[in-house]
Amino acid sequence: GVPKFGRRIVHIASLAKGLDACTNPCCKKPLIMADATKEVRDGLGSTLLISCRSCSNVNEVDTDARVSGVGPGPHPFSVNILLSEMLRNESAAEFKLFMDVSDIPISLETLEEMKKGLGARASGDPRRNGLPDP
């Protein structure tokens, strides 16, 4: 199941949108977070797998908005792009220490990968790159 400990950074509007309705077109009932069966972490964002109580459909619910047009592959979570922006001025090890003290688990490898990915996108204010307001 989903761990019920530790801290997460969650974009409330994105989570609420995902919980609003089952993705099964014949159902569309609201989802209940307590029915989450798995959490797939990606940096500071997560995708929760939530089983619908009405139809048993397994829904993928993101805890943050995803940003399109940022390099190849799956669309990254906006919180990960914001983290990458912050890493421009911090070392990954220093930032990992901050995350550890905040009880937000993230690996040094993930931070280094995020830092490497900075060269693939334009610099500037992340909100001008389609990110939601924090």
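This report walks through the fold, the sheet, the salt bridges and two backbone oddities of a predicted model.

## The overall layout

Let's start with the basic parts list. The chain has four helices and three strands. If you follow the sequence from start to end, the pattern reads α-β-β-β-α-α-α. In other words, one helix comes ahead of the three strands, and three helices come after them.

How much of the chain is tucked away? Of its 134 residues, 37% are buried. On the outside, the chain exposes about 8,100 Å², and 56% of that area comes from carbon and sulfur atoms. As for who touches whom, take the contacts with a separation of 6 or more: 50% of these involve residues 24 or more positions apart.

## The sheet and the helix across it

The three strands form an open sheet in the order S1-S2-S3, and the pairing is antiparallel. S1 and S3 are the edge strands, each with a pairing on one side only. Going from one strand to the next, the twist averages 20°.

Look a bit more closely at S2 and S3. These two strands run antiparallel and are joined by five bridges. One spot to find by eye is Ser51, which stands opposite Val58 in S3. Then there's helix H1, which lies across S2 and S3. H1 runs at about 165° to S3.

## Two salt bridges

How many salt bridges turn up in a search of the whole structure? The search finds two. One of them joins the side chains of Asp35 and Arg53, with 2.6 Å from N to O. This pair links distant parts of the chain, with the two positions 18 residues apart in sequence numbering. Asp35 sits in the loop between helix H1 (12-19) and strand S1 (36-42), while Arg53 sits in the loop between strand S2 (45-51) and strand S3 (58-62).

Are the two partners buried or exposed? Asp35 counts as buried because its relative accessibility is 17%, which falls under the 20% cut-off. Arg53 is on the other side of the scale: its relative accessible area is 58%, so Arg53 is exposed.

The other salt bridge brings together the side chains of Asp62 and Arg66, at 3.0 Å from N to O. Here Asp62 counts as partly exposed, with a relative accessibility of 22%. Arg66 is also partly exposed, at 35% relative accessible area.

## Two residues with positive phi

Now for a couple of backbone details. Which residue in the loop between H1 and S1 is worth a look? That's Lys28, a residue other than glycine whose phi is positive, near 60°. Lys28 has a relative accessibility of 49%, so it counts as partly exposed.

Ser56 is another such case, again a residue other than glycine with a positive phi, this time near 70°. You'll find Ser56 in the loop between S2 and S3. At 53% relative accessibility, Ser56 counts as exposed, because the cut-off for that label is over 50%.

## Putting it together

The loop between S2 and S3 is a good place to finish. Ser56 lies in this loop, and so does Arg53, the partner of Asp35. Both are on the open side of the scale: Arg53 is exposed, and Ser56 counts as exposed too. The strands on either side of this loop, S2 and S3, are joined by five bridges, with helix H1 lying across them.

Definitions and conventions: Residues numbered from 1 in each chain as written. Predicted model: local features only at pLDDT ≥ 70, side-chain atom pairs only at ≥ 80, totals over all residues. Heavy atoms only, no water. Salt bridge = Lys/Arg side-chain N within 4 Å of Asp/Glu carboxyl O. Buried < 20%, exposed > 50% of the residue type's maximum accessible area, 1.4 Å probe, protein only. Contact = heavy atoms within 4.5 Å. Areas by Shrake-Rupley, 256 points an atom, 1.4 Å probe, with all protein chains shown as cover. Pairing = 2+ DSSP bridges. Axes fitted to C-alpha atoms, helices over the stretch in contact; angles between N-to-C directions.
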